[in-house]
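Got the viewer open? Let's take a walk through the model, one selection at a time.

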Amino acid sequence: MTSISPDEELTNLDGRPSSERPTVIARDVHVRYQVIGRRQRTLLHRIGSRGNQPDQSQIRALRGVNLTAYEGDAIAVIGPNGSGKSTLLAAIAGLLPINSGEVRVSEVPQLFGVGGRLLRDASGKRNIRLGALALGVTPDRMEDVSREIAEFSGLGEALDRPMRTYSSGMRARLHFSIATSVRPQVLLIDEGLAVGDRRFRRRAEARIADLLGGTGTLIQVSHNDRELKRMCNRAVWLSDGEIISEGGVAEILDQYEASEAGDD
Amino acid sequence: MSDPDLLLITEQPSTRAYLRSMWDRRRLSTALPMEELRTEHKTTVLGNLWHLVNPLLSVLVYYFVFGTLLNADRGVDNFILWLAVGIFTYSMTASSITGGAKAIDKNRGLMRSLRFPRALIPVSVIFSNLLTFMFELLILGVVAFTTGEPPSLRWLVLPAVVLVHTCFNLGGAFLAARLNDSFRDIQQILPFLFQLFRYVSGVMFPLEVFLSESNTPGVLRVLIDANPLRLMLQSYRWVFMGTPVDVPYLVLAGGISVGLLIVGFIVFRQGEQRYGLR
């Protein structure tokens, strides 16, 4: 394990130069999930298993992750399925309880991923309004923000239809448009862009570049190497809930690819 | 390395900051019920008229069974108004708390996508039920008028009664939401609990009269007397009809309501980050 403490990391950057002002600091983050088959725990089960053998139904999703991101950083998170990538993003977004460690952020990050569903039965337009309200958009800005989200999503008349009729690509477009409407300083993307069509991906990337050009930070999970190389300067490689390597994006992707080739 | 400017996102905000954040997003909790109103009855002929027809029908059913068949009115004047007040009041509590239990699951999509104070979800359930209750108050006004109940200064107390009642409902909704998120069994148990309480709160027959006719054991009698829902119903009936109220118990009911709200809020917040993960 070659985890790097935040202080050393400053000297360890290559790719695009970034400022020295941190936007995300994750320290020794541990996350365990409780799993019992695919069924939820019942009261009976809880009473029955009180205080006996160590719990084998726990998955240690993150095991002491340290990560610091700075203004202007775009960090690719790579690793095999189930290595803890999505968990890391959710932990940074504050959407998940962590078992130990801490995450500090310059402002509340926005997480955009394929899991986001919003309200199925509500129309796209209504979802825009509800989403904006949840993000704390004030009434006087509501109309402008809603219009901007609608335009950016490019969904046109489909916005009048309930969201359950949307394809996954359309859902992703709407969600991305909402999540970035508040111009978050920290944007977390969990494979969300993959389902968008090429035209939308281009627009999304332009918007992300815009955020990064300011004082933003992107942390992105993806299995698309080209996309990662194009958008990111750094990369971390997660394996079994630990960062096993980190550095410049090209270097880490090469290492990762080499290890995968070795598996075959 | 210290970073005082950075927000510790893995820790819960202070209650003050949390309430502040709720206030900033308060419109979400009124927009959600409006949204529901828009989609809920889309597949029915009467549409949103059901919000009026539904309570009216249940008043008629209870009137037929308890007023006509069983003669359980025991000399209550204007039994239909008495019954309507009881049913509307009681069903607001029942559906607020049941709705609170189910609300987390229902809005999972929203919670997975966006970070906002989750307490807004139970609050939105309360708003939704208050909205229905406003319709029902209209019906009560009409029934009171047509049955010759004279207007009264007691009506001015109504907002205070609704406020205390709402504290109780919100506290219950918070508690049910948290419990149901850990044990889905809650949502199975609640209907039976509310069935029981419908009887011991005197929703469809004058409980006090029946209790004085029978010899209920002392402890049970005290429990029934202190039942906040019974007292809530009593207060509403006093407002609309001037029937008697147990004043000392009313103070207790107010205390229980505020206490339940505080406890419910605290308990709910302990699960803040877990909601919507399943």
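Start by selecting helix 6 of chain A: 13 of its 14 residues are buried, so the rest of the structure largely encloses this helix. Buried here means under 20% relative accessible area, exposed means over 50%, and partly exposed is in between, with a 1.4 Å probe and protein chains only. Helices (H or I, at least four residues) and strands (E, at least two) are DSSP runs, numbered from the N terminus. Put a distance on the end C-alpha atoms of helix 6, residues 168-181 of chain A: they are 20 Å apart, which agrees with the 20 Å that 14 residues should span at 1.5 Å a residue. That expected span is 1.5 Å times one less than the number of residues. Just past this helix, look for A:Arg183, whose phi is positive, near 50 degrees.

A word on what you have loaded: this is a predicted model, where local features need pLDDT of at least 70 and side-chain atom pairs count only at pLDDT 80 or more, while totals for chains, interfaces and linings use all residues. Residues are numbered from 1 along each chain as its sequence is written, chains are lettered from A and ligands numbered from 1 in the order in which they are written, and side-chain values use heavy atoms, leaving out hydrogens and water.

Stay in chain A and pick helix 4, residues 124-134. Nine of its 11 residues are buried, among them A:Arg126, A:Asn127 and A:Ala134. The helix is followed by A:Gly136, with a positive phi near 90 degrees.

Now zoom out to the whole of chain A. You should count nine helices and nine strands, and 52% of the 264 residues are buried. Contact means heavy atoms within 4.5 Å; of the chain A contacts between residues at least 6 apart in sequence, 75% join residues at least 24 apart. Turn on the surface and chain A exposes about 12300 Å², with carbon and sulfur atoms supplying 46% of it. Accessible areas come from the Shrake-Rupley method with a 1.4 Å probe, and for residues only the protein chains shown count as cover.

Next, salt bridges, each a side-chain nitrogen of Lys or Arg within 4 Å of a carboxyl oxygen of Asp or Glu. There are 19 over all chains. Try A:Arg63 and A:Glu242, whose closest N and O atoms are 3.9 Å apart. This pair links distant parts of the chain, strand 2 (residues 58-70) and strand 9 (residues 242-248) of chain A, 179 residues apart. A:Arg63 is partly exposed at 26% relative accessible area, and A:Glu242 is partly exposed at 22%.

Strand 9 also carries A:Glu246, while A:Arg234 is in strand 8 (residues 234-239), 12 residues apart. Those two form a salt bridge with a closest N to O distance of 3.6 Å, and both are buried.

Over in chain B, select B:Asp105, B:Arg108, B:Asp181 and B:Arg184: a network of salt bridges links them. One of its pairs is B:Arg184 with B:Asp181, at 3.8 Å from N to O. B:Asp181 is buried, with a relative accessible area of 9%.

Which residues have the most contacts inside the largest nonpolar core? B:Phe116 and B:Tyr236, in a core of 93 residues. Helix 4 of chain B (residues 79-106) gives the most to this core, 15 residues. A core is a set of buried Ala, Val, Leu, Ile, Met, Phe, Trp, Tyr and Cys residues joined through side-chain atoms within 4.5 Å. Show what B:Phe116 touches, not counting residues up to four places away in sequence, and you'll find A:Ala134 along with chain B residues including B:Arg25, B:Leu28 and B:Ile121.

For the next stop, select helix 12 of chain B, residues 247-270: its 24 residues reach 35 Å from first C-alpha to last, close to the 34 Å expected. Its buried residues include B:Ala253, B:Leu260, B:Phe265 and B:Phe268. They pack against helices 1 (15-24), 4, 6, 7 (158-182) and 11 (228-241) of chain B.

Finish on the outside, at a nonpolar surface patch of about 340 Å² made by B:Met34, B:Leu131, B:Phe135 and B:Leu138. Patch residues have over 30% relative accessible area and no salt bridge; like charges are joined within 9 Å, nonpolar side chains (Val, Leu, Ile, Met, Phe, Trp, Tyr) within 5 Å. Helix 6 of chain B (residues 120-146) gives the largest share, three residues. B:Met34 is in helix 2 (residues 26-40) of chain B and is partly exposed at 39%.
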